[in-house]
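Opened the notebook to go through this one piece by piece. Pocket to start with, then the core, then the rings.

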Amino acid sequence: MRTDALLRLVAWLSPAFPVGAFAYSHGLEAAIDEGRVKTASDLGEWIADLLVHGGPRADAVFFVHAWRAAQADDAPALADIAVRAAAMRGTGELALEATQQGTSFASAVTRAWPACAPVEGVYPVAVAVAAARAGVPLDAALAAFLHAFAANLVSAAVRAIPLGQSDGLAALAGLESAIERARDAALARDLDEAGAAAPALDILSFRHETQYSRLFRS
């Protein structure tokens, strides 16, 4: 990977990049509130299950095909992927999480790196397009995207359980192989195989909308 491409990838998926990721827990706050996630071990299992069965599974497939469409400058294919990815949201809060971050990401990249400007849309598609236009290899871009998702949930858990920083880092380190497997699986899937089957997460997300006390928007 070229150094400039690596630096852009690191910047775009940094917790400091202005997409507001810190405001979302992807349903984790509701799981914590109901006692489903209490420890670092629970957290690692929860995130690993999401990578295999939940929204990140579908987002990884959309990421792969959006990157390839952008690389080929195939605007019709990219538009189709963007529509599919936007529709693949189980609740209003999860839709907000994806669309708000995608819009913020596209806006920030367009201002600072106009040559890499992505389409506006859901977060995984926006990041994939920018990565393709920046010359970031697909496997590295997708691994970093999935790692950023996992790291954001770990950060949410550190605040909401609460979980110590050391336990949070241990949970994130334990997810490395799961992230690698999720990336490899997505690289081999057709676009029509993008999908998720995590009904418990959708139910928790619905409950989170009326949860009495909340730190996060999802």
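**Pocket lining**

I sorted the lining of the largest pocket by residue type and got 26 nonpolar, 10 polar and 4 charged. Worth noting up front that I'm working on a predicted model.

Next I looked up the volume of that largest pocket, which comes out at about 790 Å³. There are 40 lining residues, and Glu97, Gln101, Tyr123, Phe149 and Asn152 sit closest to the pocket centre.

Which helix supplies the largest share of the lining? I find α8 at the top, with 9 residues. Helices that give at least two lining residues each are α4 (55-71), α6, α7, α8 (138-160) and α11 (199-208).

**Core**

I moved on to the largest nonpolar core and counted 73 residues in it. Leu28, Leu43, Phe105 and Val125 have the most contacts inside this core. Helix α8 turns up again here, since the core takes 12 residues from α8, the most from any contributor.

I picked Phe105 for a closer look. Skipping neighbours within four places in sequence, phenylalanine 105 is in contact with Trp12, Phe17, Val19, Pro118, Tyr123, Ala126, Val127 and Ala130.

**Rings**

That contact list made me check the aromatics. I get 7 aromatic pairs in the structure. I took the pair of tryptophan 12 and tryptophan 113 to begin with: centres 5.6 Å apart, planes at 85 degrees, edge-to-face. Tryptophan 12 belongs to helix α1 (residues 3-12), while tryptophan 113 is in the loop between α6 (92-112) and α7 (123-134), so this pair ties together parts 101 residues apart in sequence.

Buried or partly exposed, for tryptophan 113? Its relative accessibility is 23%, so I log tryptophan 113 as partly exposed. Tryptophan 12 has 1% and therefore goes down as buried.

Tryptophan 113 has another partner, phenylalanine 17. Here the centres are 6.3 Å apart and the planes are at 35 degrees, so I note the pair of phenylalanine 17 and tryptophan 113 as tilted. Phenylalanine 17 is in the loop between α1 and α2 (28-33) and tryptophan 113 in the one between α6 and α7, so the pair links parts 96 residues apart in sequence. With 10% relative accessibility, phenylalanine 17 counts as buried.

Which residues make up the aromatic cluster? My list reads Trp12, Phe17, Phe63, Phe105, Trp113, Tyr123 and Phe145, joined in one cluster. Two names I had already written down come back: Phe105 was among the core residues with the most contacts, and Tyr123 was among the residues closest to the pocket centre.

**Two loop residues**

Proline 18 is in the loop between α1 and α2. Its C-alpha atom is 8.6 Å from that of glutamine 101, although the two are 83 residues apart along the chain. Glutamine 101 is another name from the pocket-centre list. Leaving aside neighbours within four places in sequence, I find proline 18 in contact with Ser104 and Ala108.

Last entry: threonine 91, in the loop between α5 (75-87) and α6. Threonine 91 has 5% relative accessibility, so I mark this residue as buried. What does threonine 91 contact, leaving aside neighbours within four places in sequence? I get Asp202, Ser205, Phe206 and Glu209.

Conventions
Residues numbered from 1 in each chain as written. Predicted model: local features only at pLDDT ≥ 70, side-chain atom pairs only at ≥ 80, totals over all residues. Heavy atoms only, no water. Phe/Tyr/Trp six-rings, centres within 6.5 Å; stacked < 30°, edge-to-face > 60°. Helix = DSSP H or I, 4+ residues; strand = E, 2+ residues; numbered from the N terminus. Buried < 20%, exposed > 50% of the residue type's maximum accessible area, 1.4 Å probe, protein only. 1 Å grid on protein atoms, 1.4 Å probe; cavity = no way out; pocket = protein on both sides within 12 Å on 5 of 7 lines; lining within 4 Å. Points joined across faces, edges and corners; volume = space filled by probe spheres on them. Nonpolar A, V, L, I, M, F, W, Y, C, P; charged D, E, K, R; others polar. Contact = heavy atoms within 4.5 Å. Core = buried A, V, L, I, M, F, W, Y, C linked by side-chain atoms within 4.5 Å.
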